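Thanks for sharing this one. Here are a few friendly notes to read alongside the coordinates.

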Amino acid sequence: MIPDDSLYLYNLTLKQPSSPFKSIVGQFSGSKKQQELVLISSTVIEVYQPKTDTGKLHKLSSQPTFGIVQNADKLRLFGTQQDVLVITADSGNIIIAYYNQDTFKFEPRIQEPHSKNGLRRLTPGEYLACDPQNRAIMIGALERTKFVYKVEMDNSTGQIKLSSPLESHTTGSLTLALCPLDTSFDNPVWATIEVDYKDYDHKTYKPDESPLYLRYYEFDQGLNYVVQKKSKTPLPPDASSLIALPGHIGGVLIVCDSVIIYEKGLGHERLYLPLPIREGSQSTRIVCHYLHVLKKTDFFILLQSSLGDLFKLTFDYDRETEHLDRIAATYFDSTPVSNSINIFKSGFMFANVANDSKLFYQFEQLGSENESTMASEHELPDIQNSTRFSPQGLHNLALVDILESLGPIVGSELMGKKTENNAEGPISLSTLSSHSYLKTLTYGIPVSELVSSPLPMLPTSILTTKKVRTSTSDDYLVLSSSLASQTLVLSIGEVVEEVSESGFVTDQHTIAVQQVGKQSVIQIHNNGIRHIRHILDENDEVTDRKTTDWFPPAGIHVVHASANETQVLVGLSNRELCYFEIDIADDQLGEYQERHEIGADLITAVAIMSDTTSMKSDFAIVGCADETIQVLSLHPNSVFQMLSLQALSSKCTSLLMLPVEDNSAHIHIGMESGVYARVQMDTMTGKLRDTRSKYLGTKPVIVSKLKLPGSESSGIMAISSYPWIGYHNSESQFKIMPLIGSDVTSGSSFYSEDIGTESVVGIKENNLIIFTIGSEEGGFNINDEFSLSSIRLRFQPRKYWKDYKSNNLVILESEASTLSPYIKHDEEVDEEYYHAFGYKRSPGFWASCLQVVDYDTSEICQSLDFNDNDCFTSICAASFNDEEYLVCASSQNLSMERNSASSHHIHVFKIKRSKARAIKLEFVHKTKVDGVVSAMIGFQKKLLVGIGNSLRLLELGQKQMLRKSHSKIDYLRRPTQLKYLGGDLVVVADSSESLSYLKFDRASNQFVPICNDTMRRQITVFETLDHRTLVAGDKFGNISVNRLPLELTNQLANNALLQLNEDVLDEPSARFEKKCELYVADIPTSFSRGTFVVGGTESIIYTCLQGTVGMMIPVATKSEAELLSAVEYELRAFYTSEFDDFDKRKQGYNLLGKDQGKFRSYFNPSKNVIDGDFVERFYEISLENKIKIAGKLGRTPREIEKRLYDIRNRSAF
């Protein structure tokens, strides 16, 4: 049973982590000509497919793993063209997963346990290497442990199976790198770089000796045993990775600092290849590589350095003597530093950029040797003699696509942008990326405006139509004004111009236009129907027109209409419906002999099926003034027979009916109250079910059909206060999203060969606007829910402060080991050069600045550079003498390795406001302090700073800050955040001692702790939900909600604390009540309270270091919490972690074999938080299992799905 006062949250991940540690290219779909790209993050696996015709990466799926992935590799099935994914994870299993092309997900076929749950240094899985001939797999731990699995084929099923693991442990050794060697048909061999530490405590350190050595592991397939062989010659101490060469050459490349060593095997002579070094740098350190085979024996290797420079390795191999004569390294190009790079057979390269958006390149040429080329030698070279080169713009590669990434995120803030008329714009989440960007996430789909042109009239609606069925483009734009009873017809071609001989009635308001039959158009206006039949010549050009009119009875006018290619339905002002059909033979319009009178006061909307090119619609939908909709039959035997009726919450203003699947259709309803509703209709019986609704705005909703770019199915456009579009995503879920950057009041789907894609034509006041859906760079992606824009900053952002009055952001930026080019005032800085190739690096130096960003205009208003080798640590605003000041803290000559600095300062700036929105900062003075200022906050017209385990109150002086109070809190270590709650209360977050409430005691002039946490948490960020409730995140990936005890709250309200401290522990006597707890597998960096749309439920929005954006929605009722908890429990049993007796008809695939409950309780048991990501897997299971699970809960599957939809809908998603 759930207590009545319990707080329950529903956790949803809005953006998955976007910092994959590995990328793999393979033929996972089994097609010989098609390769897929798999991006592996710690908790998500994403699959992309390159489109060779457009050069774009198309996202196929994003699959949460509900476990932590350690490593992954690919393995080829015997005798096929299909690759499978080999995964090691914290579940203690090695997993073989096949790619299912129907669900676009990986499904496990083998889950072989090798150790217990968790991540330890002795647990194998950190290293994973598959034999190039697909005969064996080796997994290794950081220390000692290694297992080898023999890969076999099950003859009865044709599936892969793994043998029992063979142990090959090396006591007292640490593994730094593992690589499989290509031995062709000889026994599989793996090479490792290891460190022997057995006698480490008794050895004398000798700087000229290296502790690294090369060890080989050979799997003897005959004896089923692993043989270890150790290389006698030690490796240089800076050896970092290994690269195996193809089988006809053999051997391994050992990557060291500025040098690569080639070793054929034990006892063979080594070759040494010096690498070119960039001008201004001391060495070349390789961080990733890729070996690409062009033909059977023709190949090259691309290396990337820590500065982003690419080097191409080529090999001169004598096949007769089987001797490698020469290795050459040539500077190739420069790209951002990546975790991995991959080359496709189709001539593309993917760069898995470490701290920025991922990049997709196309090879322009393969490059050739030049003045930067260096050749191999037989002796270890002196790197001082290495060739120096200057980086160049892209010469061999061309950038063709960008995968936008948020990670790493160091902070975020909910922002609302003011529009031109000072009205509230859409709510956005602005994130600070550590790769020098302020990135803005806006919920919705962006638009790209193509044309904006003034009109000679003020229209209220716009329509488009073709003249004949065979036209590929729309021929007419029909603009109509209900106020002036006027219609304007424009032709669409190279120019948009008025048509004088269209045959349309121009002195009436046009309600609908539709191309019907083979070569006719009907215009439905207030005073009837104009039927225009086009006469065509031999070239299908229009030579003449014949018009026929239909008029309603005298004094009656048409109020609403709907039409498709074969049917027309008209609603009259006397509550009658008129039904027409098109004669296929001669395009004539024939009226059904009887008319139907609606029992309600007025007809407010009508609709018939819109996408019916092959057959007629059997149903009509009528909206009535009594807030109902009726389903009427149009079947020849029962025309106008009422089949069902449904009440609405408001009067219907527009209707649209579209088919969605077999025997089903969606009725889209726009209401006067600004609510949009979607009802599912059974196209066999006409019965209505499954109503979903969403609030769109303050104005009545008008819905219309919309063709989407690159999508075969139709969507909808719904216009209220601003436009929305609705469509089905790749998982067949219906999404309705706002359009960003458009405020048209009427719109229609539009296609022109001149534009080349589906677009929208709309009106705004007396302007005609044509736009496409999607951004100019990336186009339209049906799986994206956010639009991403960015403002480039100078250096890595550290902290920020938001000014609510001006909507400005003040950002502190500091970048380590960097020389700032901006402190030389006499030189002009080429920002594009530094953006492409990075700043000059120098250990021990910091490049820092402070920038003011006007969020409304997306401009940087002020930049203040610091040249004292400062690193910023904190920022806040404070009020002194009724004036506003900005205070920043810095450390000078900060060393991250030694955790020391020469001095620490507090900088004070005066905030100056002008009539313009942007603020200006004016330097006042700086004050030296005796420790790192890790947190600051304004407190009662003073400044409260946290230094070590002390809190100090400072006041503004003429030349420096003046100390007014010093409070030492013994149990604190380093405050990470301070928050002033009003009165005398302050909340302190500590790097190791969790959260504490402190009260300022005026009598003793000290801060006194009154309540803290029951656990020691390493808090990274927190936010107040109310005056006694806090949500916090720690560095291990946990999010918790804590609340002050009620008794203590009452004492604070009455200003009568009974006991402050415990005598022995010197800690507060009160402890928080833990309300909620969840593990999110990413380090939280910010919390915000709010919603992305007007009218949404206020929720907790959080961001995490790897780019995760999540939302915790409060569960509204006790019954809802009980239902969602029960669904989560049943799904946990359905997606079982037991794989031995797996039955896919009764159970669901658990990719890593990790129990979801254990995953969400990694460090602490999860409490009162429902895992929405996991609960929504209910959509994936078969109908039979849905019924079984729902039956256990006493519900129907549709009721559960509607509840999941409703809780998402509350927060806009």
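1. Let me start with Cys-861 in this predicted model. Its relative accessible area is 36%, so Cys-861 counts as partly exposed. That value falls between the 20% and 50% cut-offs for buried and exposed.

2. On to the sulfur chemistry. How many disulfides does the rule give? The count is zero. Cys-861 takes part in no disulfide, and its nearest cysteine sulfur, on Cys-849, sits 14 Å away. A pair would have to lie within 2.5 Å to count, so the 14 Å to Cys-849 does not qualify.

3. Cys-578 is worth a look too. Is this residue buried or exposed? With a relative accessibility of 0%, Cys-578 is classed as buried, because the cut-off for that class is under 20%. Cys-578 is likewise outside any disulfide: the nearest cysteine sulfur belongs to Cys-624, at 15 Å.

4. Now the sheet. Strands S67, S68, S69 and S70 make up an open, antiparallel sheet, and they are arranged in the order S67-S68-S69-S70. At the edges are S67 (797–803) and S70 (859–866), each of which pairs on one side only. Averaged over this sheet, neighbouring strands are turned by 20° against each other, with direction ignored.

5. A closer view of one pairing may help when you inspect the model. S69, covering residues 841–854, pairs with S70 in the antiparallel sense through seven bridges. Which residue of S70 is the bridge partner of Asp-854? That partner is Glu-859.

Methods: Residues numbered from 1 in each chain as written. Predicted model: local features only at pLDDT ≥ 70, side-chain atom pairs only at ≥ 80, totals over all residues. Heavy atoms only, no water. Buried < 20%, exposed > 50% of the residue type's maximum accessible area, 1.4 Å probe, protein only. Pairing = 2+ DSSP bridges. Helix = DSSP H or I, 4+ residues; strand = E, 2+ residues; numbered from the N terminus. Axes fitted to C-alpha atoms, helices over the stretch in contact; angles between N-to-C directions.
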